[in-house]
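Reader: Hello! I am just starting out with protein structures, and I would like a close look at the charged side chains and how they pair up. Could you walk me through that part?

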Amino acid sequence: PFLELNRKFSEDKRQVARLKILRHHDHIDMELFFGWGPKMLPVAVSWFDEARKCGEDVTSLEKKKLSAIFQFAKAMPMVFMPVLHHLGTESEDRKWEKME
């Protein structure tokens, strides 16, 4: 099946590589990218979105993309959930009550 991909997408070798990776790996470990911080998350999401152009199974692709996002969120929770500081002022208390 992998040789068929070489023929079908002979013009774009990046797409062939992407499809082979997606079809061979059920889970793609994002830990290697954590060193670059949260700026790599949009790159990873874009990488998965590009696979849609090749006709990759959408359900499988979305699961892998969500798994990648979850891995980033788990590794960098403070990026995804801002720290809530309680300043103790009355106006700040009201502001947080409205948000809840």
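Let me begin with one residue: is lysine 53 buried or exposed, and what is its relative accessible area?

Author: Happy to help! Please keep in mind that this is a predicted model. Lysine 53 is exposed, with a relative accessible area of 62%; the cut-off for that word is over 50%. This lysine also has a partner, since its side chain meets that of glutamate 50 in a salt bridge, at 3.1 Å from N to O. Glutamate 50 has a relative accessibility of 27% and counts as partly exposed. So this salt bridge joins an exposed lysine to a partly exposed glutamate.

Now let us look at the other pairs. The count of salt bridges comes to 4. One of them brings together the side chains of aspartate 49 and lysine 65, with 2.8 Å from N to O. Aspartate 49 belongs to helix H3 (residues 40-51) and lysine 65 to helix H4 (residues 58-75), so this pair ties together parts that are 16 residues apart in sequence. Try finding both helices in the picture, and then look for the two side chains. Aspartate 49 is partly exposed, at 31% relative accessible area, whereas lysine 65 is buried, at 12%. The word "buried" fits lysine 65 because its 12% is under the 20% cut-off.

Lysine 65 has another partner too. Glutamate 62 forms a salt bridge with lysine 65, and the closest N and O atoms of this pair are 3.5 Å apart. Here both residues sit in helix H4, 3 residues apart, which is about one turn of the helix. Glutamate 62 is partly exposed, with a relative accessible area of 22%.

If you put these pieces together, you reach a network: salt bridges link Asp49, Arg52, Glu62 and Lys65.

Before you leave helix H3, have a look at the largest pocket as well. H3 gives the most to its lining, with 5 residues. The volume of this pocket is about 170 Å³, and among the residues that line it are Ile21, Phe33, Trp47 and Phe48. In contrast to the charged pairs above, the lining divides into 10 nonpolar residues, no polar ones and 1 charged. Asp29 is also one of the lining residues, and aspartate counts as charged.

Terms used. Residues numbered from 1 in each chain as written. Predicted model: local features only at pLDDT ≥ 70, side-chain atom pairs only at ≥ 80, totals over all residues. Heavy atoms only, no water. Helix = DSSP H or I, 4+ residues; strand = E, 2+ residues; numbered from the N terminus. Buried < 20%, exposed > 50% of the residue type's maximum accessible area, 1.4 Å probe, protein only. 1 Å grid on protein atoms, 1.4 Å probe; cavity = no way out; pocket = protein on both sides within 12 Å on 5 of 7 lines; lining within 4 Å. Points joined across faces, edges and corners; volume = space filled by probe spheres on them.
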